[in-house]
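The exercises below ask you to work through a structure step by step, with each task followed by a solution. Please look at the sequence and the coordinates before reading on.

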Amino acid sequence: MGWKRLIVGEPMPDKNDPKYKERYEREVEAGKRFADKCGISWGAKRLQEVGQEHKMAFLAIVFGFVMVCFMMNVFYLMDVMQHQGQIKATAIERVDSAMQSKGHHIVVNKVK
């Protein structure tokens, strides 16, 4: 495989193109076998059954999860924006300031 083909890639094959039909069928079959062995197909089937039985609850759970993720991202973004202009302190500086605020005297041994 040449560098150009590696970077640019090859055109997407059409599943109906006779040139790629056998390759497409082999890849689909391999994907089905993998899904069966991992249990993905069983999980997807069960999830679809639950979704069909309880449509409103399923939609509420899915969209609720999406909304919670969106709100968490907004809160994290707000937190980062609030702390953006502050100077970051090292761990040693934090310990020193905590000890000074409690009234401890910090003795620094200077090596000669």
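A helix here is a DSSP run of H or I spanning at least four residues, and helices are numbered from the N terminus. The model is a predicted one, and the exercises should be read with that in mind.

**Exercise 1. Describe the overall fold and the exposure of the protein.**

Step one is the secondary structure: the protein has 5 helices and 0 strands, and along the sequence the pattern reads α-α-α-α-α.

Step two is burial, for which the cut-off is under 20% relative accessible area. Of the 112 residues of the protein, 3% count as buried.

Step three is the surface, whose accessible area comes to about 11100 Å², with 64% of this belonging to carbon and sulfur atoms.

**Exercise 2. Locate the salt bridge of R46, and place both partners in the secondary structure.**

The whole structure contains 3 salt bridges, and R46 forms one of them with E49, where the closest N and O atoms are 3.3 Å apart. Both residues belong to helix α3, which covers residues 40-53, and because they are 3 residues apart in that helix, about one helical turn separates them. As for exposure, R46 has a relative accessible area of 37% and is therefore partly exposed, while E49, at 34%, also counts as partly exposed.

**Exercise 3. Analyse the salt bridges in helix α2, giving distances, spacing and exposure.**

Begin with E22, which is joined to R26 by a salt bridge with 3.5 Å between the closest N and O atoms. Helix α2 runs over residues 18-38, and since E22 and R26 are 4 residues apart within it, their separation is about one helical turn. The exposed class requires over 50% relative accessible area; E22 falls in this class at 57%, and R26 does so at 51%.

Continue with R23 and E27, whose side chains meet in a salt bridge at 3.3 Å from N to O. These two residues likewise lie in helix α2, 4 residues apart, or about one turn of the helix. Here the assignment is partly exposed, both for R23, with a relative accessible area of 33%, and for E27, at 49%.

**Exercise 4. Characterise the largest pocket, and identify which salt-bridged pair takes part in its lining.**

First, the volume of the largest pocket is about 160 Å³. Second, its lining consists of E10, P11, M12, P13, D14, K15, Y20, R23, Y24 and E27. Third, sorting this lining by class gives 5 nonpolar, no polar and 5 charged residues. Finally, R23 and E27 appear in the lining, and these are the residues whose side chains form a salt bridge at 3.3 Å.

**Exercise 5. Which residues make the nonpolar surface patch of about 630 Å², and how exposed is V66?**

The patch is made by M56, L59, V62, F63, F65 and V66. Taking V66 as the residue to examine, one finds it in helix α4, which extends over residues 55-82. A patch residue must have over 30% relative accessible area; V66 stands at 44%, so V66 counts as partly exposed.

Methods:
Residues are numbered from 1 along each chain as its sequence is written. This is a predicted model: local features need pLDDT of at least 70, side-chain atom pairs count only at pLDDT 80 or more; totals for chains, interfaces and linings use all residues. Side-chain values use heavy atoms; hydrogens and water are left out. Patches are made of residues with over 30% relative accessible area and no salt bridge: like charges are joined within 9 Å, nonpolar side chains (Val, Leu, Ile, Met, Phe, Trp, Tyr) within 5 Å. Accessible areas come from the Shrake-Rupley method with a 1.4 Å probe; for residues, only the protein chains shown count as cover. A salt bridge is a side-chain nitrogen of Lys or Arg within 4 Å of a carboxyl oxygen of Asp or Glu. Buried means under 20% relative accessible area, exposed over 50%, partly exposed in between (1.4 Å probe, protein chains only). On a 1 Å grid over the protein atoms alone, a cavity is a set of points where a 1.4 Å probe fits but cannot get out, and a pocket is an open set with protein on both sides within 12 Å along at least five of seven lines; lining residues have an atom within 4 Å of a point. Grid points are joined across faces, edges and corners, and a volume is the space filled by probe spheres set on the points. Ala, Val, Leu, Ile, Met, Phe, Trp, Tyr, Cys and Pro count as nonpolar, Asp, Glu, Lys and Arg as charged, and the others, Gly among them, as polar.
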